[in-house]
Amino acid sequence: MSADALGAERAAAQAQVEALTREFDAIVAASQASNGDDEHDPEGATIAFERQQVAALLERARRRLADVDAAVTAVEAGTYGRCGSCGRPIAPERLAARPTAGTCITCAT
């Protein structure tokens, strides 16, 4: 993957993290502004579920961003495409499917 493609991937991941952070903050602020009691309010379970769902998506987006940052660092260090465990080349098919892969198929399993 080229540095430009990783840069675009990083920008997309960063935008996703920022959007989900805003969404999570809005859900938290809305729940704090209301007198709703999650335990006794019929809508409480929905609000709690929505908050947890966005929190999980945000964590996933942050992991994606960290993976892209690690790939960018590997490109800069000249180690991109080499397995971080065994040092062998990562198959081009694996990198095409998962550009942020840091391990070969053998080590990943």
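**Exercise 1. Getting oriented**

How many helices and how many strands does the chain have? Work out the order of the elements too, and check how confident the predictor is.

*Solution.*
Step 1. Count the elements: there are 4 helices and 0 strands.
Step 2. Walk along from the N terminus, and the order reads α-α-α-α.
Step 3. Keep in mind that this is a predicted model. The chain's average pLDDT is 88, and 86% of the residues reach at least 70.
Step 4. Look at the elements one by one. Helix α1, residues 3–33, has the lowest mean pLDDT among them at 89, while helix α4, residues 105–108, has the highest at 94.

**Exercise 2. Surface and long-range contacts**

Find what share of the 109 residues counts as buried, then look at what the surface is made of and how far apart in sequence the contacts reach.

*Solution.*
Step 1. Of the chain's 109 residues, 20% count as buried.
Step 2. The exposed area comes to about 7,100 Å², with carbon and sulfur atoms supplying 54% of it.
Step 3. Now take the contacts between residues at least 6 apart in sequence: 47% of these join residues at least 24 apart.

**Exercise 3. Salt bridges**

Locate every salt bridge in the structure and say which parts of the chain each pair connects.

*Solution.*
Step 1. Start with the total: the structure holds 3 salt bridges.
Step 2. Take R64 and E9, whose closest N and O atoms are 3.0 Å apart. R64 sits in helix α2 and E9 in helix α1, so this pair ties together parts 55 residues apart in sequence.
Step 3. Check the accessibility of both partners. R64, at 28% relative accessibility, is partly exposed, and E9, at 26%, is partly exposed too.
Step 4. Move on to R10 and D69, whose side chains meet at 2.5 Å, N to O. Here R10 belongs to helix α1 and D69 to helix α2, so to speak a link between distant parts of the chain, 59 residues apart.
Step 5. Both of these side chains are partly exposed: R10 has 30% relative accessibility and D69 has 27%.
Step 6. Finish with R63 and E59, a salt bridge at 3.7 Å, N to O. This one stays inside helix α2, with the partners 4 residues apart, about one turn of the helix. R63 is partly exposed at 48%, as is E59 at 38%.

**Exercise 4. A charged residue without a partner**

Which side chain of opposite charge is nearest to the buried R94? Find the helix R94 lies in and list its contacts.

*Solution.*
Step 1. Place the residue: R94 is in helix α3.
Step 2. Look for an opposite charge. The nearest such side chain is that of D67, 9.5 Å away, and R94 has no salt bridge.
Step 3. See what R94 does touch. Skipping neighbours within four places in sequence, its contacts are A101, T103, C104, I105 and A108.

**Exercise 5. The nonpolar cores**

Name the residues of the largest nonpolar core, then inspect two of its cysteines.

*Solution.*
Step 1. The largest nonpolar core has 9 residues: L6, A71, A74, Y80, C83, I90, L95, A101 and C104.
Step 2. There is also a second, separate core of 8 residues, with A13, V17, I27 and V54 among them.
Step 3. Zoom in on C83. Apart from residues up to four places away in sequence, C83 touches R88, I90, G102, T103, C104 and C107.
Step 4. Turn to C104, which is found in the loop between α3 (92–97) and α4. Buried or exposed, then, for C104? The cut-off for buried is under 20%, and C104 counts as buried because its relative accessibility is 6%.
Step 5. List the contacts of C104 with the same sequence exclusion: C83, C86, R88, P89, I90 and R94.
Step 6. Check one pair by distance. C104 and R88 lie 16 residues apart along the chain, and their C-alpha atoms are 7.5 Å apart.

**Exercise 6. One position on helix α2**

Decide whether A56 is buried, partly exposed or exposed, and relate A56 to L20.

*Solution.*
Step 1. A56 lies in helix α2, residues 44–77.
Step 2. Its relative accessibility is 46%, so A56 counts as partly exposed.
Step 3. Measuring from C-alpha to C-alpha, A56 and L20 are 9.9 Å apart in space, with their positions 36 residues apart in sequence numbering.

Key. Residues numbered from 1 in each chain as written. Predicted model: local features only at pLDDT ≥ 70, side-chain atom pairs only at ≥ 80, totals over all residues. Heavy atoms only, no water. Core = buried A, V, L, I, M, F, W, Y, C linked by side-chain atoms within 4.5 Å. Buried < 20%, exposed > 50% of the residue type's maximum accessible area, 1.4 Å probe, protein only. Contact = heavy atoms within 4.5 Å. pLDDT = per-residue confidence, 0-100. Helix = DSSP H or I, 4+ residues; strand = E, 2+ residues; numbered from the N terminus. Salt bridge = Lys/Arg side-chain N within 4 Å of Asp/Glu carboxyl O. Areas by Shrake-Rupley, 256 points an atom, 1.4 Å probe, with all protein chains shown as cover. Lys, Arg positive; Asp, Glu negative; His and termini not counted.
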